[in-house]
Amino acid sequence: MHGSEDQEFLALERELSVFLRRARASSGEMARELHPGLEPAAYGLLVRLEAAGRQRATELAAYFGVGKATMSRQLRALEDLGLIARDQDPADGRAFLVGLTPEGRDRFLAVRDARRERYMRKLADWDRGEVAELARLLNQLNQGSE
């Protein structure tokens, strides 16, 4: 039996499990809305590229904690769909930077805006301060995972 000091962490694990399962399903829906052939994990790549701008594939792999081969496969699929493009890195001609194409940005923003509307409806009864606090705490959790 777990001590009372473990109950908060057990509750956290239980709630995160449900949240992550639902988030994966939601990312799959968002990816399909963006393009029917898009993998759910690719949506997160588009989120990162829109927020941080052009990056090297190795930077993206490190950010998401995946191997170079996995990242390369996901980027190739996005490139084949015309959602991203690779350009030579001006700082190092041997390397490439990956960024959203205009079509990729337009499609991503439309889906992201629709997702934000869903969050707003789902959290309509929440105080804006609570939403901000949840975002802050999730950021703190994510920063601790890097």
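## Burial and T101

A residue counts as buried when its relative accessible area is under 20%, as exposed when that area is over 50%, and as partly exposed in between. The model described here is predicted. In it, T101 has a relative accessibility of 13% and therefore counts as buried.

T101 sits in the loop that joins β2 to α5. A polar atom of the T101 side chain lies 2.9 Å from the backbone nitrogen of G104. Apart from neighbours within four places in sequence, the contacts of T101 are with G82, L83, I84 and A85. One of these contacts, I84, is also listed among the core residues with the most contacts inside the largest nonpolar core.

## Overall architecture

The protein has 6 helices and 2 strands. Read from the N terminus, the order of the elements is α-α-α-α-β-β-α-α. The C-alpha trace spans about 55 × 35 × 25 Å along its principal axes.

The protein has 146 residues, and 23% of them count as buried. Among contacts with a separation of 6 or more, 48% are between residues 24 or more positions apart.

## The largest nonpolar core

In soluble globular proteins, nonpolar side chains tend to be buried together. Here the largest nonpolar core holds 20 residues. L34, L38, Y43, L46, L75, L78 and I84 are the residues with the most contacts inside this core. Two or more core residues come from each of α1 (7–34), α2 (40–52), α3 (57–64), α4 (68–80), β2 (92–100) and α5 (102–122). The largest contribution is that of α2, which gives 5 residues.

L75 serves as an example of the contacts made by a core residue. Residues up to four places away in sequence aside, L75 touches L45, A57, L60, I84, R86 and V98. By the residue ranges of the elements, L45 belongs to α2, A57 and L60 to α3, and V98 to β2. I84 is thus a contact of L75 and also of T101.

## The largest pocket

The space in the largest pocket amounts to about 2,600 Å³. Its lining consists of 47 residues, and those nearest the pocket centre are F19, A23, Y119, L138 and N142. By type, the lining residues comprise 27 nonpolar, 8 polar and 12 charged.

At least two lining residues come from each of α1, α2, α3, α5 and α6 (128–144). α1 gives the most to the lining of this pocket, with 14 residues. Helices α1, α2, α3 and α5 are also listed among the elements that give two or more residues to the largest nonpolar core.

## V131 and M120

Which helices hold V131 and M120? V131 is in α6, and M120 is in α5. The two residues are 11 positions apart along the chain, and their C-alpha atoms are separated by 9.7 Å.

Are V131 and M120 buried, partly exposed or exposed? V131 has a relative accessible area of 31% and so is partly exposed. M120, at 42% relative accessibility, also counts as partly exposed. With neighbours within four places in sequence left aside, V131 is in contact with L123 and W126.

Terms used. Residues numbered from 1 in each chain as written. Predicted model: local features only at pLDDT ≥ 70, side-chain atom pairs only at ≥ 80, totals over all residues. Heavy atoms only, no water. Core = buried A, V, L, I, M, F, W, Y, C linked by side-chain atoms within 4.5 Å. Buried < 20%, exposed > 50% of the residue type's maximum accessible area, 1.4 Å probe, protein only. Helix = DSSP H or I, 4+ residues; strand = E, 2+ residues; numbered from the N terminus. Contact = heavy atoms within 4.5 Å. 1 Å grid on protein atoms, 1.4 Å probe; cavity = no way out; pocket = protein on both sides within 12 Å on 5 of 7 lines; lining within 4 Å. Points joined across faces, edges and corners; volume = space filled by probe spheres on them. Nonpolar A, V, L, I, M, F, W, Y, C, P; charged D, E, K, R; others polar. Polar contact = N/O pair within 3.5 Å; in protein donor to acceptor, adjacent residues only side chain to side chain.
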